[in-house]
Protein chains: 4
Amino acid sequence: MPPRPAPSRRADYAHFTPITTRWSDNDAYRHVNNVVYYGFFDTAVNQQLIAAGALDLERADRAGLVVETHCRYFAPVSFPDRVTVGLRLAQLGTSSLRYELAVFRNDDDEAAAEGHFVHVWVDRASNRPVPVPPEVRAAVEPLRRR
Amino acid sequence: MPPRPAPSRRADYAHFTPITTRWSDNDAYRHVNNVVYYGFFDTAVNQQLIAAGALDLERADRAGLVVETHCRYFAPVSFPDRVTVGLRLAQLGTSSLRYELAVFRNDDDEAAAEGHFVHVWVDRASNRPVPVPPEVRAAVEPLRRR
Amino acid sequence: MPPRPAPSRRADYAHFTPITTRWSDNDAYRHVNNVVYYGFFDTAVNQQLIAAGALDLERADRAGLVVETHCRYFAPVSFPDRVTVGLRLAQLGTSSLRYELAVFRNDDDEAAAEGHFVHVWVDRASNRPVPVPPEVRAAVEPLRRR
Amino acid sequence: MPPRPAPSRRADYAHFTPITTRWSDNDAYRHVNNVVYYGFFDTAVNQQLIAAGALDLERADRAGLVVETHCRYFAPVSFPDRVTVGLRLAQLGTSSLRYELAVFRNDDDEAAAEGHFVHVWVDRASNRPVPVPPEVRAAVEPLRRR
């Protein structure tokens, strides 16, 4: 197997979303299950868009379709830990958008997990790609990795 | 159908657990799904026991088995709302424990949902009821409804 | 605490929905978590309505709002068990509908858990109660307890 | 963005796990949420190990730790669709194991989503890598991609 990259630190990320863990996040091994981290990613991405006024679920005729996600797990997290999700913009194309994300446990500076998340913006009626809407573009530009 | 009781207020509860909602909590109607409230209940009950030092998953030979849960839904909650779970002790028997819980949306004073949750304490090897452990008893006594 | 009713049997139910359990249904005690049973209930109720052509999420101006749910747990279920959810109609009012449900483990005849679930039908724009739609009424009439 | 590989077909996989979707799998866009696919992967991997007698949660001093997961999404799935998860072994190292997985919707022959999942086998007390246990090796060898 290829060598794994080292985990990032908080300073490598641009935006932070605090999330509380839940009893049911722990699996039979008493660690937050690998699946749950993608729920953290999804929450961070959408919460940032909503807070920036770039996502209105009731009225939007365009939606961000998730076409690819990925995560590497470095260290366990367990309920009732708090986590903070770091978010940064890695690529901004015509219709698509690649985010990078990290999950930090409690006050740890080193990521417990790290991954990416790709949105393609589509017209909801036709499901065809459209240019990333200007309000989304404006919302994510400040998330570029420093 | 019988008339429904009115929702409680924060002052009716003894202990509070803040929980962040997640994108996936919303269902096809864009409200936090009815199932998720029980995840809030479970989280509040176990987090209070862990914080009080009354629950050690790795070493305990006794466990709180959930034998009954109930919830009434009064008003919708939607991601990215924050919620606060109110917790109080309703009954403390020899082996069992009845909690009452409420979910408060953002800074609302009136409950969005309210229910109960019954734990029977059992020996984990035999699954037979045992007296509520003294450290659990000490942890929940301060949660009696005022 | 009041005495608990005995678990029902399959013959007490009118409609059955098979559901596969998932790895993440197991919690730290390695049993399907109490919360998950409500996901089974929700799935059985909505799947029956969809199969009967009584629920079209994309076009409906009316929705079944969940106002109350309840569950008693009798015996554990664990991944990778299969479960079957039994469903019956307990009450059909002007705007509301009370279902009773049971979860059967693998080929067991006695319920592992049993509860109820109340839908109030509302206009989705105003959120006000409306009469149970005729297609829903037709779909649930055959679910009356025998 | 780099070009995306085409979706695989059923014949490209060695083992199949049927899974029923749930009401709560659908998100606000009324498609099975991207997170849920990882729950399908986790379920398929662990169910195959359990069925082969290679995973005993109660007694094992060794565990498969998930260190990396990935998924590409090609086409939507929605409740109440059934899915079938295809599983194959991509790499078997000294301590680690790379699976490839695909999610097939209803009777579709082309994958709706496809990804990978890496287990490192560890000693549960020390959390240090150990050789893949012989019973796991025997269970996964028949899953090699054809």
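**Note on a predicted four-chain model**

1. Chain A runs β-α-β-β-β-β-α along its sequence. That amounts to two helices and five strands. The radius of gyration of chain A is 16 Å, and the globule rule gives 15 Å for 146 residues, so chain A is as compact as a globular protein of that length. The coordinates are those of a predicted model.

2. Some overall figures for chain A follow. The C-alpha trace spans about 45 × 30 × 30 Å along its principal axes. Of the 146 residues, 52% count as buried. Take the contacts in chain A between residues at least 6 apart in sequence: 73% of these join residues at least 24 apart.

3. Next, the sheet shared by chains A and D. It is open and has 10 strands, with antiparallel pairing. The order is S1(A)-S3(A)-S4(A)-S5(A)-S2(A)-S2(D)-S5(D)-S4(D)-S3(D)-S1(D). At the edges stand strand S1 (15-20) of chain A and strand S1 (15-20) of chain D. Each has a single partner strand, so one side of each is left without a neighbour in the sheet. On average, neighbouring strands of this sheet are turned by 25° against each other, direction ignored.

4. Where does the sheet pass from chain A to chain D? It does so at S2(A)-S2(D) in the strand order. S2(A) and strand S2 (residues 62-73) of chain D are antiparallel and pair over five bridges. One bridge can be checked directly: A:Thr69 has D:Cys71 as its partner in S2(D).

5. Within chain D, look at strand S3 (residues 82-92) and strand S4 (residues 96-105). Nine bridges join these two strands, which run antiparallel. In this pairing D:Gly86 stands opposite D:Ala102 in S4(D).

6. Now the contact between chains A and D. On the chain A side, 21 residues are in contact with 21 residues of chain D. Helix H1 (34-51) and strand S2 (62-73) of chain A are the elements that give two or more residues to this side. S2(A) gives the most, with nine residues. By class, the chain A side divides into 11 nonpolar, seven polar and three charged residues.

7. How is chain A related to chain D? A turn of 180° with a shift of 0.0 Å along the axis lays chain A on chain D, with an RMSD of 0.0 Å. Of the residues of chain A, A:His70 comes closest to the rotation axis, its C-alpha at 2.1 Å. The same surface serves both copies, since 100% of the contact residues of chain A recur in chain D.

8. Chains B and C also share a sheet. It is an open sheet of 10 strands with antiparallel pairing. Its order reads S1(B)-S3(B)-S4(B)-S5(B)-S2(B)-S2(C)-S5(C)-S4(C)-S3(C)-S1(C). The edge strands are strand S1 (15-20) of chain B and strand S1 (15-20) of chain C, and each pairs on one side only. The average turn between neighbouring strands of this sheet is 25°, direction ignored.

9. Two pairings in the B and C sheet are worth a look. Strand S2 (residues 62-73) of chain B pairs with S2(C) in the antiparallel sense, over five bridges. There, B:Arg72 stands opposite C:Glu68 in S2(C). Inside chain C, S1(C) and strand S3 (residues 82-92) pair in the antiparallel sense over six bridges. C:Phe16 has C:Gly86 as its bridge partner in S3(C).

10. Which elements of chain C each supply at least two residues of the side that touches chain B? In total, 21 residues of chain C are in contact with 21 residues of chain B. The elements in question are helix H1 (34-51) and strand S2 (62-73) of chain C. S2(C) gives the most to this side, with nine residues. The chain C side has 11 nonpolar, seven polar and three charged residues.

11. Last, the symmetry of chains B and C. A rotation of 180° superposes chain C on chain B, with 0.0 Å of shift along the axis and an RMSD of 0.0 Å. This is the relation of a two-fold axis. C:His70 comes closest to the rotation axis among the residues of chain C, at 2.1 Å (C-alpha). Both copies use the same surface: 100% of the contact residues of chain C recur in chain B.

Methods
Residues numbered from 1 in each chain as written. Chains lettered and ligands numbered in written order. Predicted model: local features only at pLDDT ≥ 70, side-chain atom pairs only at ≥ 80, totals over all residues. Helix = DSSP H or I, 4+ residues; strand = E, 2+ residues; numbered from the N terminus. Rg over C-alpha atoms; globule rule 2.2 N^0.38 Å. Buried ≥ 20, exposed ≤ 12 C-beta atoms within 10 Å, placed from the backbone. Contact = placed C-beta atoms within 7 Å. Pairing = 2+ DSSP bridges. Axes fitted to C-alpha atoms, helices over the stretch in contact; angles between N-to-C directions. Nonpolar A, V, L, I, M, F, W, Y, C, P; charged D, E, K, R; others polar. Least-squares fit on C-alpha atoms with pLDDT ≥ 70 in both.
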